[in-house]
Amino acid sequence: MAEEQAQQGNRENRPGGQGRPGGGRPGGGGPERREGRGGPPERGGDRGGDKRPFAGGDRRDGPPEIELEKLIGDSLYLDNQAHVVVSRMRDMDSGTRSQLRRLYNAVRRATRAPENERQHEFVMLRARLAYTIARHGLRSLDQLERLLLQVTRKNEARGYERFRDLFEAIVAYNE
């Protein structure tokens, strides 16, 4: 017991260690540093400070949503949206080309899945994309995650193909 109190006292006497979990290390340690399900408190907990609206709402702190119907019907809109995502990536994130290519390969595999399994593959792809965004702080890809939700809900082959085309354009413009 006396030894535990001495160790506690040593932690508190360290520079910056005034009772902080983790003995004054940035980011702390242990489960008490987590908020919600996600990352450390300095990123805002759940999804890195994500201010996601409820279904159908707009996001005030970022660009407007990518509209699925326009994406399917207008190739120039697809091209413009790819440019917007890439410019946001360059401004906001430190994501690597290999991370983006890995995700693109997963999109291609999901598109090639048999029709009766395609929706499931895209649901799992959305989970993987969400994980990558949270893990690596790729906030610029939030638009793609929301678009992927729309595509999955609609569950049409043309939507899946256009999502793949958009991702391909993003990878190309990011090179």
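**Close-up 1. Phe163 and Phe167 sit 4 residues apart in helix H7, about one turn of the helix.** This is a predicted model, and both phenylalanines are buried in it. At 1% relative accessibility, Phe167 falls under the 20% cut-off, so it counts as buried. The rings of Phe163 and Phe167 make a tilted aromatic pair, with centres 6.0 Å apart and 55 degrees between the planes. As for confidence, helix H7 (residues 157-174) has the highest mean pLDDT in the chain, at 94.

**Close-up 2. Tyr104 and Phe167 belong to the aromatic pairs, of which the structure holds 4.** Here the two rings are stacked: 6.3 Å centre to centre, with 15 degrees between the planes. Tyr104 comes from helix H4 and Phe167 from helix H7, so this pair ties together parts of the chain 63 residues apart in sequence. What is the relative accessible area of Tyr104? It is 9%, so Tyr104 is buried. Zoom out a little and there's one aromatic cluster to look at, made up of Tyr104, Phe122, Tyr160, Phe163 and Phe167.

**Close-up 3. The largest nonpolar core has 33 residues.** Which of its members touch the most others? They are Leu141, Leu144, Phe163, Leu166, Phe167 and Ile170. Helices H2 (68-73), H3 (75-92), H4 (97-112), H5 (115-136), H6 (142-154) and H7 each chip in at least two residues. Helix H7 gives the most to this core, with 7 residues.

**Close-up 4. Leu144 and its contacts.** Setting aside neighbours within four places in sequence, Leu144 is in contact with Ile66, Val85, Leu129, Phe163, Leu166, Phe167 and Ile170. Phe163 and Phe167, the tilted pair from the opening view, are thus back in the picture, this time as partners of Leu144. Leu144 is itself among the core residues that touch the most other members.

**Close-up 5. Asn174 is another residue of helix H7.** Is Asn174 buried or exposed? Its relative accessible area is 8%, so with the cut-off at 20% it is buried. Beyond neighbours within four places in sequence, the contacts of Asn174 are Val86, Met89, Arg90, Arg97 and Leu100. Val85 is worth finding in this view too: Asn174 and Val85 are 89 residues apart in sequence, yet their C-alpha atoms are 9.4 Å apart in space.

**Close-up 6. The N-terminal stretch calls for some caution.** In this chain, confidence is lowest in helix H1 (residues 2-13), where the pLDDT averages 52. Over residues 14-60 the pLDDT stays under 50, although the model has 58 contacts beyond four places in sequence for them. For the chain as a whole, the average pLDDT is 74, and 62% of residues score at least 70.

**Overview. The protein chain has 7 helices and 0 strands.** Read from the N terminus, the elements run α-α-α-α-α-α-α. Of the 175 residues, 38% are buried. Take the contacts between residues at least 6 apart in sequence: 61% of them join residues at least 24 apart. The chain exposes about 10,600 Å², and carbon and sulfur atoms supply 48% of that area.

Technical notes
Residues numbered from 1 in each chain as written. Predicted model: local features only at pLDDT ≥ 70, side-chain atom pairs only at ≥ 80, totals over all residues. Heavy atoms only, no water. pLDDT = per-residue confidence, 0-100. Contact = heavy atoms within 4.5 Å. Buried < 20%, exposed > 50% of the residue type's maximum accessible area, 1.4 Å probe, protein only. Areas by Shrake-Rupley, 256 points an atom, 1.4 Å probe, with all protein chains shown as cover. Core = buried A, V, L, I, M, F, W, Y, C linked by side-chain atoms within 4.5 Å. Phe/Tyr/Trp six-rings, centres within 6.5 Å; stacked < 30°, edge-to-face > 60°.
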